[in-house]
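Trainee: Hey, have you got a few minutes to go through this protein with me? I'd like to start from one residue and work outwards.

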Amino acid sequence: MTIPKYQQIKQSLLYKIKNGQFQPGDKFYSEAELRKEYNVSAITVIRAVQELTNEGYLVRYQGKGTYVSKARIGKIVKFTEREKYSDKSESVQVLQLEKIADPRISKELKLPAKTPFYLIKRLRLIDGMPFILQHSYVPLEFIKEEDTLDPSAFTSVYEKIREYTGINLFQANSEELTEICFPTPKEESELLQIGSNEPSAFVRRHTYLFDGRVAEYIESYKRWDYFSVKIESV
């Protein structure tokens with residue numbers, strides 16, 4: 001199948017933009033220059049440039065010409081959460097482990113509304129200072145019921161799931177959403193030892209198996225003063 005000429009020109013121009021021949025804010029080729037360069041009609045050139053403009057690579061100014069976008073659309077932006085005190089001693093307390101049913105959580109786990117599941121509530125501490133409160137919700141099929149008689153064994157939920165099922169969730173796909181929670185709910189602020197008028201980072205994470213089932217859903221509250229976010233453009 002023959003690739004349309006305007007698409008060939010578009011890909012050629014995109015290659016030049018992405019490989020540094022033009023920097024953000026640089027003036028781009030004029031229509032006349034492109035017609036001469038590629039020996040094509042004005043319509044073909046206009047269509048190629050318009051697609052690059054629509055996709056955010058170029059910006060056109062009336063009476064001034066076409067410029068490479070300063071937004072640098074097409075680059076990858078990485079967000080990396082970093083613990084400020086990662087070199088300190090960390091410990092985990094299991095506060096609660098019980099079988100419950102809640103339609104809101106069942107929906108997150110992709111289970112029927114009245115289906116029970118396990119709630120595992122844990123508090124993570126650094127040098128004795130609480131910094132994360134986690135509510136883990138796990139379908140019954142992934143946890144051996146007799147193991148729940150000893151909640152203290154669930155400091156690592158993933159390890160207990162691997163022991164029982166052989167599934168390694170450390171390598172599973174997950175989706176995570178972080179929001180600022182202000183003010184932090186009363187119970188959570190007390191457990192995290194922060195003021196009731198202080199914010200926290202509220203995190204929701206789903207961990208998926210290869211077949212799309214949700215193996216774990218977590219809601220966490222993190223102390224705002226124990227985390228930072230690093231943003232990189234690569």
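**Starting small, then zooming out**

Mentor: Sure, let's start with Thr66, which sits in strand 2, residues 65-68. Keep in mind that this is a predicted model.

Trainee: Is Thr66 buried or exposed?

Mentor: Thr66 is buried, because its relative accessible area is 10% and anything under 20% counts as buried.

Trainee: Okay, and which residues does Thr66 touch?

Mentor: Leaving out residues up to four places away in sequence, Thr66 touches Asp26, Lys27, Phe28, Val49, Leu58, Val59 and Arg60.

Trainee: Let me pick Leu58 from that list. What does Leu58 touch, again skipping residues up to four places away in sequence?

Mentor: Thr66 shows up there, along with Ile17, Phe28, Val49, Leu52, Thr53, Tyr67, Val68 and Ser69.

Trainee: Which residues have the most contacts inside the largest nonpolar core?

Mentor: Leu58 again, together with Leu13 and Phe28; that core has 17 residues. The elements giving two or more residues to it are helix 1 (5-18), helix 2 (31-38) and helix 3 (42-54). Helix 1 supplies the largest share, with 5 residues. Apart from this core lies another one of 13 residues, including Leu97, Ile120, Phe154 and Ile161.

Trainee: Back to the helices. How do helix 1 and helix 2 pack?

Mentor: They pack at an angle of about 110°, and their axes are 12 Å apart. So helix 1 is roughly perpendicular to helix 2, since 65 to 115 degrees counts as roughly perpendicular.

Trainee: And which residues meet there?

Mentor: From helix 1 you have Lys5, Ile9, Ser12, Leu13 and Lys16, and they meet Leu34, Glu37 and Tyr38 of helix 2. You've seen Leu13 already, as one of the residues with the most contacts inside the largest core.

Trainee: New topic, strands. How many of the residues of strand 9 are buried?

Mentor: In strand 9, residues 214-223, 10 of the 10 residues are buried, so the strand is largely enclosed by the rest of the structure.

Trainee: What runs alongside it?

Mentor: Strand 8, residues 200-208, is joined to strand 9 by 9 bridges, and the two run antiparallel. One example is Ser200, whose bridge partner in strand 9 is Arg223. Strand 6, residues 129-139, also runs antiparallel to strand 9, with 6 bridges joining them. There, Gln134 has Ser220 as its bridge partner in strand 9.

Trainee: What about the turn in the hairpin of strand 8 and strand 9?

Mentor: That hairpin has 5 residues between the strands, and Gly212 takes a positive phi near 95°.

Trainee: Let's try a loop. Where does Lys114 lie?

Mentor: Lys114 is in the loop between helix 4 (103-108) and strand 5 (117-126). Lys114 is exposed, because its relative accessible area is 78% and exposed means over 50%. Its C-alpha atom is separated by 6.9 Å from that of Asp102, and the two residues are 12 residues apart along the chain.

Trainee: Last thing, the whole chain. How many helices and strands are there?

Mentor: The protein chain has 6 helices and 10 strands. It has 234 residues, and 36% of them are buried. The accessible surface comes to about 14100 Å², with 50% of that belonging to carbon and sulfur atoms.

Trainee: And how far along the sequence do contacts reach?

Mentor: Take the contacts between residues at least 6 apart in sequence: 59% of those join residues at least 24 apart.

How values were computed. Residues numbered from 1 in each chain as written. Predicted model: local features only at pLDDT ≥ 70, side-chain atom pairs only at ≥ 80, totals over all residues. Heavy atoms only, no water. Helix = DSSP H or I, 4+ residues; strand = E, 2+ residues; numbered from the N terminus. Buried < 20%, exposed > 50% of the residue type's maximum accessible area, 1.4 Å probe, protein only. Contact = heavy atoms within 4.5 Å. Core = buried A, V, L, I, M, F, W, Y, C linked by side-chain atoms within 4.5 Å. Areas by Shrake-Rupley, 256 points an atom, 1.4 Å probe, with all protein chains shown as cover. Pairing = 2+ DSSP bridges. Axes fitted to C-alpha atoms, helices over the stretch in contact; angles between N-to-C directions. Parallel < 35°, antiparallel > 145°, perpendicular 65-115°, else oblique.
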